[in-house]
Amino acid sequence: MNPEAEFARIRARFRRPEDRSAAVDQRSTGVPLELVLGRAQFAGVTIEVRRGVFVPRRRAESLIEVADGMARTFEESAPSSATRVALDLGCGTGAVAAAFAARHPDWQTHACDINDSAVQCAKANAARFGFTVHRTNWFRGLPPALEDRIDLVIAHLPYVPTADIPLLPRDYRAVEPRCTVDGGRDGLHPWRQVTATCYRWLTSGGCVLTQVTADQRRAAVAVARAASLPARTIECDDGVVVAACRPKN
């Protein structure tokens with residue numbers, strides 16, 4: 001986005017000249033525009049964002065598009081009298097949960113994160129979009145009632161290899177916790193943790209989705225299959241979505 005477009009966003013957000021001036025000063029020092037505005041656009045919804053919490057990236061909208069299609073397939077091919085369940089795992093602001101809940105209000109949507117700032121930010125968005133937030137370390141700490149009940153886990157996980165962290169845009173590196181982007185040596189360490197523990201939380205035929213780079217595609221599929229989760233990849237404009245599903249009973 002060019003400076004003129006950014007200023008237009010700032011001008012629309014802040015009415016008082018002094019507030020606009022302060023916002024321009026923040027942006028000029030490298031604060032990401034979303035944090036200057038206190039909000040971000042993501043997959044058709046406007047969500048609150050806060051410092052110390054991962055700012056949702058537009059490229060992750062591919063996860064929502066895939067999840068949306070899978071949700072509709074579930075509804076059409078296997079009608080169920082029980083309420084279907086989705087989980088935004090490692091939710092940050094809760095952007096994924098907000099976008100999914102806006103499209104599927106009949107689903108029971110949950111979100112979780114271990115970071116206190118993220119949990120508080122997600123709760124602010126949950127109040128508007130109607131999802132439930134939990135403070136958990138991945139699946140540990142979720143309500144036992146969700147075991148064997150989750151149809152879709154949407155996991156926007158850290159997938160940047162540790163050695164590539166310095167290549168990320170400086171604006172975001174300076175304000176976001178490193179753990180929200182650092183995926184370990186090959187970028188797939190969080191994916192290994194999630195696939196190793198998600199099986200018992202998924203319902204029969206339930207799936208866990210994540211996004212990786214094209215170079216990580218084969219390794220990500222192998223990680224899922226090692227956890228007894230048959231997996232496939234979906235090519236998207238902004239990367240690759242991996243869908244790993246628990247076999248149907």
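The following dialogue reads the sheet of this predicted model, the helices packed around it and one buried arginine.

Trainee: Before we begin, what should I know about the numbering and the values?

Mentor: This is a predicted model, in which local features need pLDDT of at least 70 and side-chain atom pairs count only at pLDDT 80 or more, while totals for chains, interfaces and linings use all residues. Residues are numbered from 1 along each chain as its sequence is written, and side-chain values use heavy atoms, with hydrogens and water left out.

Trainee: In what order do the strands of the sheet stand?

Mentor: Helices (H or I, at least four residues) and strands (E, at least two) are DSSP runs numbered from the N terminus, and two strands pair if DSSP finds at least two bridges between them. Here 7 strands make an open sheet of mixed pairing, in the order 5-4-3-6-7-9-8. Strand 5 (132–135) and strand 8 (231–236) are at the edges and have a single partner strand each, so one side of each is left without a neighbour in the sheet. On average, neighbouring strands of this sheet are turned by 20 degrees against each other, direction ignored; such angles run from 0 to 180 degrees between N-to-C directions, with axes fitted as lines to C-alpha atoms, for helices over the stretch in contact.

Trainee: Which pairs of strands run parallel, and which antiparallel?

Mentor: Strand 3 pairs with strand 4 in the parallel sense over 5 bridges, with Q108 of strand 4 as the bridge partner of V85. Strand 3 is also joined to strand 6 by 4 bridges, again in parallel, and there A86 stands opposite L152. Strand 6 (residues 150–155) and strand 7 (residues 202–212) are parallel as well, over 5 bridges; I150 has L202 as its bridge partner, and I154 stands opposite L209. Strand 7 and strand 9, by contrast, pair in the antiparallel sense over 6 bridges, with V208 opposite A244.

Trainee: How do I read the two faces of a strand, taking strand 3 as the case?

Mentor: In a regular strand the side chains alternate between the two faces of the sheet. From strand 3, V85, L87 and L89 point one way and A86 and D88 the other, and all are buried, where buried means under 20% relative accessible area, exposed over 50%, and partly exposed in between (1.4 Å probe, protein chains only). With 5 of its 5 residues buried, strand 3 is largely enclosed by the rest of the structure. The description also holds for strand 6, with 6 of 6 residues buried, and for strand 7, with 10 of 11.

Trainee: Which helices lie across these strands?

Mentor: Helix 5 (residues 95–103) lies across strand 3 (85–89), strand 4 (108–113) and strand 6, and runs at about 175 degrees to strand 4. Helix 8 (residues 189–197) lies across strand 3, strand 7 and strand 9 (239–245), at about 175 degrees to strand 7. In helix 5, 7 of the 9 residues are buried, so this helix is largely enclosed by the rest of the structure.

Trainee: How is the packing of one helix against another described, and what does helix 4 show against helix 5?

Mentor: Two packed helices are described by the angle between their axes and the distance between the axes. The axes of helix 4 (residues 61–77) and helix 5 come within 10 Å and cross at roughly 35 degrees. In contact, meaning heavy atoms within 4.5 Å, are I64, E65, A67, D68 and A71 of helix 4 and V96, A99, F100 and R103 of helix 5. These residues divide into 6 nonpolar, no polar and 3 charged, where Ala, Val, Leu, Ile, Met, Phe, Trp, Tyr, Cys and Pro count as nonpolar, Asp, Glu, Lys and Arg as charged, and the others, Gly among them, as polar.

Trainee: Is R246 buried or exposed, and what does its side chain reach?

Mentor: R246 lies in the segment after strand 9 and is buried, with a relative accessible area of 14%. A polar contact is a pair of N or O atoms within 3.5 Å; within protein, one must be able to donate a hydrogen and the other to accept it, and residues adjacent in sequence count only if both atoms are side-chain atoms. One such contact, of 2.8 Å, joins the side chains of R246 and D148, and the side chain of R246 also reaches the backbone oxygen of Y199 at 3.5 Å. Leaving aside neighbours within four places in sequence, R246 has contacts that include L202, T203 and L229.
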